[in-house]
Amino acid sequence: MAYTPEMKELIKKVEATRPDRVAMAKNNEHYPALTLKEREEVLNKYHPDYQEDGKRKVKVGPNKGDVFQEEVAELLESQSIIKEDEADLSEPDYETDVLVIGGGGAGTSAALLASDGGADVIMATKLRHGDSNTIMAEGGIQAASQECDSPFYHYIDTIGGGHFTNQPDLVSTLAHDAPLSIAWLERLGMMFNKLEDGRMVVRHFGGSSRKRLHSAGDMTGAEIMRVVRDEARNRSDKITILEFCPAAELILDEDGKCAGAILYNLETQEFYVVKAKAVILATGGFGRLHIKGFACTNHYGATMDGVVMAYRVGVGNKYLYSTQYHPTGVVYPEQNVGLLITEKVRGLGAHVLNIDGEQFCFPLEPRDVESAELICEAMEKGKGVMTPTGRMGLWLDSPMIDEIHGEGTVKKELPAKFIQFARHGIDISKEPMLVYPTLHYQNGGVNINSDAETVVPGLYAAGEVMGGVHGENRLMGNSLQDIITFGRRAGAKAAEYIKGVDLKKPTLDHVAKFEKELTDAGIENPKTAPIILPDYSTDEVSAKRWTKVPIGGE
Amino acid sequence: MSETEKTQAPKMATGDRAILPEGARTIPVYIMGKRYEVPETLTIMKAMEYSGFKFVRGAGCRGGICGACPTVYRKAGDYKIYFGLACQTVVEPDMFLAQIPFYPANRTAYDLEEIGGEADAVHALYPEVFRCVACNNCTKACPMDVDVLAYISAVKQGDMAKAAEISFDCIQCGMCASRCMGEMPQFHIGQLVRRIYGRYIQPQAEHLKKRVEEINSGKYDKMLEDLTSMSKEKLTKLYTEREREPDLAPSGEWMPEDTQYL
């Protein structure tokens with residue numbers, strides 16, 4: 001829906017301050033950024049991750065004693081969805097060299113590199129191949145490709161943005177491999193935004209010292225996903241794709257090596273046993289847990305499955321308490337609520353403004369700081385804009401982009417966003433957007449080393465499921481880069497590893513052992529996980545589902 | 001009640017679970033012919049979930065970019081057929097809707113390294129492109145407003161750049177193929193053309209090639225190794241003192257004063 005008359009009245013205040021602000025931007029003048037000390041203060045006071053309520057210690061597993069958000073803790077302390085006494089591992093339904101779990105950017109990159117290395121690959125995906133957060137990533141992918149830039153500065157920006165909590169070897173790998181990833185994608189035929197001579201168009205982003213963000217329109221992730229998926233489809237002799245078959249549990253062999261997984265056919269409710277010499281977890285993040293009830297930008301299947309399965313084979317995680325709130329999720333119109341407005345909008349010069357049309361923050365602070373500043377402005381200072389459905393927002397002044405860079409820039413640089421708003425009667429090159437922080441990204445995840453190896457031989461992890469590279473805060477464009485960097489590394493390493501592997505008898509003993517730990521710790525009625533898909537039934541409908549067993553019998 | 005308290009009131013939608021606020025209106029919609037009352041302003045996807053449907057197929061990114069939720073609908077008293085994404089289309093009273101989560105379409109495998117940049121290769125892989133009768137049903141069915149007919153015409157004429165540009169917003173939902181009188185898989189053809197364009201027609205990035213060579217020669221290995229063992233104090237100093245490339249500096253022209261780490 002277009003803005004209401006009341007909202008249009010408020011937009012006039014934004015228009016009133018715009019000429020001065022545009023003049024400022026043209027002179028390369030900015031609202032002052034916060035000092036490191038000021039950042040810390042605003043984070044502690046207003047960022048949902050830094051506040052204490054809704055958190056607790058977990059009682060079992062590799063991270064026993066660590067503190068997590070309630071929604072995460074209860075999944076770490078969950079039981080298997082498989083009745084172990086009925087599961088028969090002796091006759092696998094599928095056998096392969098490498099099993100990739102997850103069909104987003106990391107999983108597909110891993111599958112491609114594993115097949116390059118000569119391995120036969122099965123890729124199991126929860127929904128369709130490509131349904132992932134990768135496809136939703138809009139703004140771009142980082143790599144130090146410019147002459148004024150280098151992996152050194154990519155490292156510095158990344159670890160500074162992560163408040164120096166990042167795992168150093170992973171950051172080093174990311175900075176090192178990033179230009180290689182871009183060259184790989186270019187060779188696969190990805191349509192990057194380029195100048196006429198082929199030079200990559202690059203931009204600033206929150207926390208950048210150099211323009212390092214490469215893009216493809218404002219659907220960079222979708223373009224990456226389309227290209228790598230298309231390439232995987234060209235290799236059907238080496239890569240078999242099993243859609244609507246999420247993994248339910250990992251299988252180990254008697255020596256403790258990873259030996260495959262049990263998949264669940266969502267349509268027939270059968271379980272399949274896959275025997276594999278190596279397994280790559282690329283299951284993505286946990287946005288659909290809706291921590292603290294926040295709206296989220298994630299795809300439908302982002303339910304933390306990989307972390308849960310890894311936990312039961314003894315692979316711990318780091319920084320999982322840290323959730324990234326993207327500062328600019330849509331709050332109006334209703335059908336776009338929770339959708340992400342790429343940081344590129346601010347990179348192109350759009351200011352963030354309060355109800356009076358005034359600036360109150362540097363628009364390109366690291367994301368967590370920016371989020372905290374928006375929450376503070378709305379909640380503490382009461383200067384947010386209330387929508388007709390009771391949601392709170394702040395203005396993101398997109399029309400000034402055209403005034404700075406020339407008419408038509410918004411439409412050219414942000415085509416998908418332009419369409420998404422135009423569809424609902426809002427022209428973002430003429431009217432500002434209304435935004436508020438939205439749950440966006442799982443900063444932490446399972447522990448790996450720079451070759452994407454976990455502590456379990458034959459088990460690898462890449463993409464949002466793994467943690468450490470971003471520390472407690474991720475910079476824009478580093479997630480699209482980490483899925484390619486670590487996806488490629490995991491695939492290549494797994495293809496090498498399988499050559500010397502001799503699998504022993506497969507077992508689910510680790511699950512029984514884990515469930516005993518739950519009982520011993522006094523955890524009653526644990527959740528059953530992976531949860532695979534979120535449930536959006538209303539309380540009213542749920543209350544009327546009176547069946548004892550599914551219709552048709554058990 | 002202050003503004004702050006108002007926003008924390010319990011009666012609010014959480015995550016994607018919709019609620020019917022007090023005093024809000026419902027409207028009737030017909031999901032596969034069956035009537036349900038749903039709150040107005042909801043998307044088709046959230047309205048179906050509000051009605052008690054749980055998606056396995058037909059839901060993906062929920063943000064209008066993955067192509068999992070194409071929906072076909074009609075309105076009472078209107079002969080027209082409409083297409084939209086369930087996550088991006090708002091319900092209207094007396095809408096009759098069904099989802100098409102999958103539509104069969106043949107895809108031909110190819111080797112990008114061998115295919116070359118000529119349109120002939122595309123014509124050879126998809127000869128059915130010449131069965132197009134320019135009926136424009138494909139374009140009418142596209143929920144992304146892609147001019148499908150225009151890019152298919154460009155393919156026929158051998159204008160790969162034009163076809164790549166026009167098809168760029170394609171989310172591969174398959175609705176074009178579902179309505180095609182020539183029975184072709186437009187979205188697979190568009191994908192092929194875009195990869196050929198990116199690989200063979202768009203000029204390659206020379207500065208990137210140079211950087212790849214530098215990395216492979218080991219130029220940055222020592223620098224990165226030093227960084228991984230550097231103290232937080234030293235890293236903080238480097239972080240706070242780093243120069244920022246000016247916003248409006250043309251690409252490839254600005255250089256920092258300190259060039260020892262480039």
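**Entry 1, the hairpin in chain B.** I began with strand 1 and strand 2 of chain B, which form a hairpin with 2 residues between them, and in the turn I noted that B:Met32 has a positive phi of about 50°. I keep in mind that this is a predicted model. Strand 1 (residues 26-31) and strand 2 (residues 34-39) of chain B pair in the antiparallel sense, and I find 6 bridges listed for that pairing.

**Entry 2, the other partner of strand 1.** I then looked up strand 5 (residues 95-99) of chain B, which pairs with strand 1 of chain B in the parallel sense over 3 bridges. To follow a single residue through both pairings I took B:Tyr30, whose bridge partner in strand 2 of chain B is B:Arg35, while its bridge partner in strand 5 of chain B is B:Phe96.

**Entry 3, chain B as a whole.** The secondary structure of chain B amounts to 12 helices and 5 strands. I compared its radius of gyration, 26 Å, with the value near 18 Å that a compact globule of 262 residues would have, and I recorded spans of about 70 × 65 × 35 Å for the C-alpha trace of chain B along its principal axes. Of its 262 residues, 37% count as buried. When I took the contacts in chain B between residues at least 6 apart in sequence, 60% of them turned out to join residues at least 24 apart.

**Entry 4, where chain B meets chain A.** Here 76 residues of chain B are in contact with 83 residues of chain A. I listed the elements of chain B that give two or more residues to this side, and they are helix 1 (3-7), helix 2 (44-51), helix 9 (186-201), helix 10 (206-216), helix 11 (221-228) and helix 12 (232-241). Helix 9 of chain B provides the largest share, 7 residues. By residue class, I find that the side of chain B that touches chain A divides into 35 nonpolar, 20 polar and 21 charged.

**Entry 5, the domains of chain A.** Chain A is divided into domain 1 (5-50 + 326-437) and domain 2 (84-322 + 443-507), and the C-alpha centres of these two domains of chain A lie 31 Å apart. Between them, 23 residues of domain 1 are in contact with 21 residues of domain 2. On the domain 1 side, I noted that strand 13 (323-332), helix 9 (344-347), helix 10 (367-380) and helix 13 (415-422) of chain A each supply at least two residues. The residues of that side of domain 1 of chain A divide into 9 nonpolar, 5 polar and 9 charged.

Key
Residues numbered from 1 in each chain as written. Chains lettered and ligands numbered in written order. Predicted model: local features only at pLDDT ≥ 70, side-chain atom pairs only at ≥ 80, totals over all residues. Helix = DSSP H or I, 4+ residues; strand = E, 2+ residues; numbered from the N terminus. Rg over C-alpha atoms; globule rule 2.2 N^0.38 Å. Buried ≥ 20, exposed ≤ 12 C-beta atoms within 10 Å, placed from the backbone. Contact = placed C-beta atoms within 7 Å. Domains from an automatic or database assignment. Nonpolar A, V, L, I, M, F, W, Y, C, P; charged D, E, K, R; others polar. Pairing = 2+ DSSP bridges.
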